Every structure is written in C-alpha cells, then in structure tokens.
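Me: I am a first-year student and would like a close look at one part of this model, followed outward into its surroundings. Please take it slowly and explain each step.

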Amino acid sequence: MEFETVIGLEVHLQLNTETKIFCGCRNHQFGSEPNTHVCPVCLGLPGSLPVLNRKVLLSGIKVGLALGCEINTFVKFDRKNYYYPDLPKGYQISQFDFPIAKKGFLNIKVDDGEKRIGITRAHLEEDAGKLIHDDELNASLVDYNRTGTPLVEIVSEPDMRSAQEAYDYLTALKLTLTYLGVSDCDMEKGSLRCDANVSIRPAGQAALGTKTELKNMNSFSAVKRAIEYEVDRQTRIVISGGKVVQETLLWDEAKGTTHTMRSKEEAHDYRYFPEPDLVPFTLTDSDINAVFKELPELPYVKLFRFKKQYGLNDYDAFILISDRSIADFFEKCAVLYSDAKKIANWLNGPLMKELNGRKKSFSQLSLSSEEMTGLIRKVEEGVVSNLVGKDILTTLLDTAKSVNAIIEEQGLAQVSDDAALIRVVDEVMAANPKAIAEIKSGKTSAMGFLVGQAMKKMNGKANPKKLGEILKGRFENV
Amino acid sequence: MINKETVNYVGALARLHIDPQNADRFAKNLEDILHYVEKLNTLDVSSVKPTSHVLDVENVFREDTVIPSLSQDKAMGFAVEHHKGFYKVAKVIE
Amino acid sequence: MNFYNLTAHELLSLLDQKKVISEDVLKSLKERVSLVNKKTNAFIREPQVSSPAKGAFGIPVGIKDNICIADELVTCGSNILKGFRPPYDAGVVEKIKAHGSEVWGGLNMDEFAFGSSCESSFYGPTRNPWDLERVPGGSSGGSASAVAAGEAVWALGSDTGGSVRQPASFCGVVGLKPTYGRVSRYGLVAFGSSLDQIGPITKDVTDSALLLNMIAGFDKRDSTSVDTPVPDYAKALVKDVKGLKIGIPKEYFIDGIDPEVASAVHEAIDILKKEGAVIKDISLPHTEYAVATYYIVATAEASSNLARFDGVEYGLREVPDRVRKTPLIDMYETTREKGFGDEAKRRIMLGTYVLSSGYYDAYYLRAQKVRTLIKQDFDKAFGECDAILCPTSPTTAFKINEKVNDPLAMYLSDIFTIPANLAGIPAISIPCGFDKKKLPIGLQIMGKPFAEETLFRISYTYEQNTPWHLERAKL
C-alpha cells in the first residue's frame, strides 16, 4: 500500500523586543545567570498583574501581514491553565479564539514551481521558564529568566507532504521572519522552536490518520530527520496491522530516535477563558495600515525584482536575497558599478566563501560597497588578477584597509611594463630551448608552459595577457 | 450528577488531592451548588453577548522600556528551596 | 487619652492643632490592640510599630492580609502562603506610604476572601465586637472588626461579592466598594479578577472619603485601573440630597429578609425623603440570578488565580508519605490539599468544573451572558435614578458556626452585595440602626460607575441626620 505523509508545523518565535511581553524585565537573557531577569509579574507572585508591551502587539501584526494573514481587529488574551514548574502562574497567557492573525500562507519552492502552505493562525503568548534536570541532586532546577519572553506561535495547515517540504517551509518562514527583524530566529538558542504534527494515510484517502506530535528538535535538519524517522515508524506500524497512538514524542538527536514524553501523557483540559487582567484590544484599519507601510520588501518580492531589475538568473538572485543584509549590500554596490552579474558573482562566490570560512554573517563584517566595487573594478581593469583579487578581499575583511592601500603596500599590482616583461620573456626563452623547438615545430601547447615559467619568475604579478602577447610576438618575429 | 469520580477528576485537574473520606461530602456540596445555579438555564441568553470585562476600556499598553528586575538574592529570598540561584523542585520526568 | 475611639478626621484635626502627637496616637492604638485583639482576633499578627509616621496623614491604615506590603507576611488567611513575604508594595500601600502614613498589615479574613463570615481563616475566626459569639461578616471581617473595636482607626478591605460592605454592615461601620477600576488591584492577591476592588472600611463617611482620596487613581501596572481624574471626595461631603433621585428596587425587599432590617432601611428612606430626595420604585429584574452568576464567574477566575500556589516557588510545600503518582504531581496535590481549607477547595473545584471541557458553554459562558443582563438592569435603572438604596445584607450578624456546614446558605447572605460587583458599580454600606439584640444594621447605596461622590453625598446627609455612626462597641 502506498502512504501519503501529512505534516503540519507549529513554530514558536521569540520576539526580540527590549522587554518581556507583560513586564519591564529585559528580554535578552540568553546566557544570563539564573533568575536575574525576573520581577513579581514574570515570577507570578501573588498580586502581580500583566500589562501588554505595545511593541509585541505591533510585531505580531507585522508577522501576520508578512504571512499574508487577516489581522483581527478585535484581539484579546486568554488563560491556558495547566501545571508545570516552568509556568509560575499555573496558567499561560495566550490567545484562544481571537488571535492576532489568521488565514495566511507561505510559498515554498517545489520541483514544478511553487507550493502554497496555508497558515492557520498566528497568536501571541508568553514563554515559560527553563527546567534543568539534575541527576546528582535528584531534583529539577527552575530558571524563570525566559518566563514572559514574547512569543508568536505560527500554526500551519497540514499542507506539507514530505519531510523536505517541512524543511523548505521552515527555511522560507525563517527567511521572511528575519526580514521583518522581529526575531533572530536562532533555533540553537531557542528563539525559533518547531513542533511537528505528523500522520500518514493511504494514498487517495481524504480523512487524516492519527497524528503524533514531535518535539525537541533543535535544527531544521533535525526536524527533517525526526519527521523521516516518524513517518517510517508509523508506516511500519500500519503495515504490520497496528494502530498509531496519538501522543507526544521527544526527538533524541544523539540516538536518532523518538520516545514518548511521559509528562504529557495524561489528557489535557486547558480550561481556556478570557484573561480578566488584560482589557481587549481593538485595531483600526489605519493602525494596521501603519504597520503595513513599515514592512520591508519581503524576500520573494525582492527575488522577483532582482531578476527583473538586474537581469540576474534565479540561482544568483535567490542566494542574494537569502540574507537581507547581503541583498541590501548588493544594491548599494549596483549603484556604484554597472555590471550586476559581476557583483553577484563576487558576492555569491568569494564573499560567501569568506563568510563560511569565518562562520560569520554578513552583518557582522564591515565591508563597504565602495571597497567592494573598487576591488571588482581593479580586477576587471586587469590591475590585479582574479586570484590576487580574492586575496585582497581576505585582507580587506581582516584589516579594514582600503583596496588601494593593500595593492600598494603588498605590491600586488600586475606588471604591465613592456620592458620588464620582455626581459623576463627573453630569460625564459633562453633557459628553455627544448620548448622553443617544439613550438617552432608547430606544437603550440608549449606556449602555455613558457607563460607559466615567466609568471613564476615574476611571482604571479605579470599581466598574463600582456605576457602572452609578447611571447607570441617573439615567435612571429623569428 | 456529581459523584466521587467527578470530584477526583476535578481534583486531579486542579492538582488537589481529595482525601477519600471527604470525597462524598465535596460531591454533595458541588451537587447542591450546581443544582442551585441551574436557575440560569431558565433564561434565554441566545442573543446576549457575554461580559468578560465590566469596564468599557480597551487598548491599555506599556511601552517597551526596561524596568530594573529583582536581584537573584531577592528572588531566592522567598524560595521554598533553592540551589545556586535556581528554584529547586522534585525531579520532573519528561 | 483614649484615641482609639476617634475617627481619622478627628485625630487629624487634633494633630493639626498640635493637641496631640503621632506617638501618642500610635501608643493608644497599640495598647488597644494588645487589650482586645485576643477577643476579636481581628489582627492575625499584632502590628509592629516601627517609627511614628510623619506628615499630614500620620494615622496608620489597617490592611487586610491579602494586600502586599514589601517584605511583610501576606497570608490571605491561608496556610498555603506560609512564610511568604512579597518583595513589593501593592499600589494602594505605595500611595498610603507616599502620604506619610503607616500600614498595619495582617488583618484577618476568610481564606482567600472566600466567605461571608471570616470563619474560614487558617488563623481562626474573627469575632464581632458587638457580640463576640457572632461573626463579623466577611471576607474582610478582620478589617471591619478592627475598626469597630478601635484596633484600627481605619482599614482597607477587598470586595469581590460584598466582602467590604457586608462585614461593615455586621460591625456597624462604613464600607465602600469603589467602581471597578477606580483603585489599583496591583498587589491585591486576586480572587475574582473581574470583580475584585479594594475599598475603605471606616468609622464614618468622612473617613471613607478621605481614605478613598488616598488610594484612588490610575496605576500603570494594572491594565484594568482607569485613567480618569480623581475628584476630591471630601468635597462631596455635603448635607444636601435635594432633587436626587433614589431608586428602591423591589427585588431587594424579599421574603427572607429580617423584618428589623427591612424596617430600619425603610426608616432611612423616610429620612432621605424628608431631606428632599425623590424616592422612586424601580426594578432590577435579574437580581435573583446574581448569586448563581457570581458563583460561576468568581470561582472560575479563582480556580485559575489560585493555581500559582503549588509549592514550586514560594509558600508551603508538602509531600505525601508514600508515592501516589509522580514525585512532582504528588508534591502539587499534597501541598494544595494541606494548604487550602475546605471552602477554598470547594471553590477551586467548582471553578475548575465550570471551565472544564464540555461544561464551559453551559456554565461559564452562560454566566457571563447573564452578567450582561444584570449589568443592563443597572444601566436601565440609572436612566431613572441617581442611586439605588437597599439593605446591605438580609440579616444582622449570625452566630459563629451557624452556617459553616451549609455553603449555599452562606453564599446567599451576599445576595444584595453581589450585583454591584457583577456590574462593576460603586456601592457603600453605612450603619442604619440596630436590631433588638443591639446588632448593627447596614444600609447599602449603589451608584453609577465613577459616581462615588453621589454615594458620599447621600451617605453623609443620612449620617448627619442619625446617631448610629457615633455608637461604639463595648469590649
């Protein structure tokens, strides 16, 4: 029997506001000492009350708009009641029936073009704290620094049909979200987290199969592997006549397997009800329009424009737009230098290699468009070779010196001076009578050997084109 | 009908251990109250909007500005049990 | 001199005229507490006087033990908050301190304000100074008893379904529940968040206005506190009700009402009529549904508000003798079993039940809709009148243990006070006489949202025409 995989993803995104969602504690606590970014509100002390951070609501609208969602003009918060030591109030303030956004979509690339993945809803809520399980103490330790970090939960429709599609959806989602600048979307740091709902059904069947929920994946590729593992597991169960049990499974990255999450075994009854401590929020069209106007150009719009405006191919344009700061840099360069394709080659080739080698993102470097286009110009004018040009880029990133200064200090300019080149050509010809004989007998391939020898003598700084011309002239004159 | 089982189920949801000796009594109390509130069923509320807030107030925000947090010492000051700046609890089995 | 029998405004005037110094007032109060608190049990903990207060309002304010004072115990009358000292002041406490007054915490209460008799406190029942065999009312029984006994000049209580007004009525003092949103709830340990308001309990109407002046106003830490200007309530203390339309709701004069209470209220109506008020018969048709609505809404919110008391972070932690489920769940369940008394358990279970899957629409949502109907009753009534007058409670103070085994009978003693909380409107209870047993009777006046001034005006006019507020319990 053939099976179809059905996947829906729930993504939790930590917003990078200055302060937490309902209190004034600093929101950037990654790596801080435990319980140092806490106050009566986020510790859930008796008598404390939440007040919504305006910026969080605006970020929620931004995310909703970027995902093509309808923004609800009436927004309220609800309490989701459950007990867990990382949840100090015994309830999470979330949104139940009036989320900030609903009914959106995101396009992913598939073989025959694009596929639209539906977004069911995006809602705002508060993050929980962190639990550390200490075997030695035989206890769990709670750090509430993360409690109250603003989250947007983005729930997709069960529209993905393979682990690869899930991976592509996450990639596209992260790209859009990083463009908005509302989160650093770093899965390793937990600022983007993903749970996957996975089920299988016989191909052609409309009804959904029993789903399991996968948790604890800390990279996009882990999400992919976990789904692949789970699809395989479910398929084997069904083929052998068994039934898939609806449960929450934890992905074990080291073992490459999943196991049942025991703490979530019992049935949940979250007893949602409207949060009485927060008043409702109404958004006017002009509130929403104001946010809409501030939205940056979104990645797929930029992709389309880059291809059209700069005549780039899909591949080049896609790499450029994959990092908003590189895309912006590309456009700055394009103002200074007219050959966009050449710029794209330099950015997607040597520059990308430098970034990967340094394990840095572009925004962590200081490279000006003036220097970048200056370097491209020097290479194109033949002042330096392509190879030397790449070395100059390395130095440029290491030292922040100008291209001109680097060329001058290290004497990297190609020698185009005829007299010097003629002298070297003559020396090489004198030292290689055998090669000359071969050339004269019509075996012109030896010409390259002579050029190479001359280049070696000049430490690679000879203008190869000129060198070839002079050498050729010597034989014509004979 | 509220019986012992209902009391135990609701107790479990509310993380409240109910001594078996008291379960019947609580069941009776709940039964009485729920019977009393049934009088609400005599009203037709099909076209009535629910009231969550009596106030006609909307859109109350705070600005995104930092307010100093408690010190770790202060936060540990009221802890039932703590260890190296963490609150300490019974081991959670995930 | 015994200052404890004086009102705050009398003491303030003596302080102003330099006829007395703060130290002497504090000493007198302290002595009074030492002398009578073992009889009343109004204070769970006797106040620690640090240093005499400075400033114009140098008279300590008694604080119900569910309002946070930085680094002091706050028990809510419960075992579950054992040893907990909040690291912050409630909004109202901040305001009182900013006025230069001291706060005296630890006033007894029904556990988590769940009750109408102050008997459910883990720290033992508070007694009524007018008859020590009787309850002071609740849940702010400690506050009302302390003011009536002279242990506190004035005090704060909290009112979710009548918890300021009903004990004020039972103890012969003045209790005000302000409009929802008039006073910050920040630092008030929540019971029913959409109903709770902090209010003054005082010996007379003037003190009530002065204490409201101190605590009213917007607090940016409470999203439900309202950012409208606070008038000087003292200016509303005028002896003039001419032309004011006062509604008398027929639904509040029902069969179960004590005839002595009814006649005292009718005499009060006559006095106000003589002073020029226009008395109108009105109807609040959904009154009979208020108690049912309240016990769904309030317990639902309470079940969630009390979820934080779980033994993880602060307060009590208990574990069972043997493992039942998992170490964590056992800790939760035993902590909450040992930490909460029966009434708290009942309300937590009821609230959990009405929110649980399959019952939400039938109970909680329906109650929220009936709440709308009750609110609409008032909207309509206030189209015809400026204030509504009725008894605060159907009876005077009942005996200790009389109703503890009948929760429903206890709930029904709040029948006249609950509607104001559901509608969010202000309401005041003032003394309006005594029954044959010399137990105080309370008169309730309800007003339009943010019309506390109207309540003060009517109350003050009535008070100036009657001697009840001058009577003191003999202890």
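Is Pro407(C) buried or exposed? Which residues is Pro407(C) in contact with, leaving aside its neighbours within four places in sequence?

Reply: Pro407(C) is buried in this predicted model, because 23 other C-beta atoms lie within 10 Å of its own, and a residue counts as buried once there are 20 or more. In the sequence, Pro407(C) belongs to helix 12 of chain C, which covers residues 407–412. Once the neighbours within four places in sequence are left aside, the contacts of Pro407(C) are Arg346(C) in chain C, and Asn29(B) and Ile33(B) in chain B. Glu343(C) is also worth finding in the structure, since its C-alpha lies 8.1 Å from that of Pro407(C) although the two are 64 residues apart in sequence.

Chain C, to which this proline belongs, contains 14 helices and 10 strands. Its radius of gyration is 21 Å, close to the 23 Å that the globule rule gives for 475 residues, so chain C is as compact as a globular protein of that length. Along the principal axes, the C-alpha atoms of chain C fill a box of roughly 70 × 55 × 45 Å, and 67% of its 475 residues are buried. When the contacts in chain C with a separation of 6 or more are considered, 76% of them are between residues 24 or more positions apart.

The contacts with Asn29(B) and Ile33(B) lead us on to chain B. Chain B has 3 helices and 3 strands, and along the sequence these elements follow the pattern α-α-β-α-β-β. A compact globule of 94 residues would have a radius of gyration near 12 Å, whereas the value for chain B is 23 Å. The C-alpha trace of chain B spans about 55 × 45 × 25 Å along its principal axes, and 32% of its 94 residues count as buried.

Within chain B, strand 3 (residues 86–90) deserves a careful look, because 4 of its 5 residues are buried, so this strand is largely enclosed by the rest of the structure. As background, the strands of a sheet pair through backbone hydrogen bonds, either parallel or antiparallel. Strand 2 of chain B (residues 82–83) runs antiparallel to strand 3 of chain B and is joined to it by 2 bridges, with His82(B) having Tyr87(B) as its bridge partner. These two strands of chain B form a hairpin with 2 residues between them, and Lys84(B), in the turn, has a positive phi of about 50 degrees.

Strand 3 of chain B also pairs with a strand from another chain, for 4 bridges join it to strand 10 of chain A (residues 139–143), and these two strands run antiparallel. Here Val142(A) stands opposite Tyr87(B), the residue of strand 3 that is also the bridge partner of His82(B). A further link between the two chains is found at strand 2 of chain A, which runs parallel to strand 1 of chain B (residues 61–62) and is joined to it by 2 bridges. In this pairing, the bridge partner of Leu52(A) is Phe61(B).

Stepping back to the whole region where these chains meet, 41 residues of chain A are in contact with 31 residues of chain B. On the side of chain A that touches chain B, the elements that give two or more residues are strand 2 (52–53), helix 1 (54–66), strand 9 (130–134), strand 10 and strand 17 (281–282) of chain A. Strand 10 of chain A gives the most, with 5 residues. By residue type, this side of chain A divides into 21 nonpolar, 12 polar and 8 charged residues.

Chain A also has an open sheet of 3 strands, in the order 6-5-16 and with antiparallel pairing. Strand 6 (91–94) and strand 16 (273–274) of chain A are the edge strands, each pairing on one side only. Strand 5 of chain A (residues 78–81) is joined to strand 16 of chain A by 2 bridges, and Arg79(A) stands opposite Phe273(A) there.

To return to the residue where we began, Pro407(C) is buried, and its contacts include residues of both chain B and chain C.

Conventions. Residues are numbered from 1 along each chain as its sequence is written. Chains are lettered from A and ligands numbered from 1 in the order in which they are written. This is a predicted model: local features need pLDDT of at least 70, side-chain atom pairs count only at pLDDT 80 or more; totals for chains, interfaces and linings use all residues. A residue is buried if 20 or more other C-beta atoms lie within 10 Å of its own, exposed if 12 or fewer, and partly exposed in between; C-beta atoms are placed from the backbone. Two strands pair if DSSP finds at least two bridges between them. The radius of gyration is taken over C-alpha atoms; the globule rule is 2.2 Å times the number of residues to the power 0.38. Two residues are in contact if their C-beta atoms, placed from the backbone, lie within 7 Å. Ala, Val, Leu, Ile, Met, Phe, Trp, Tyr, Cys and Pro count as nonpolar, Asp, Glu, Lys and Arg as charged, and the others, Gly among them, as polar.
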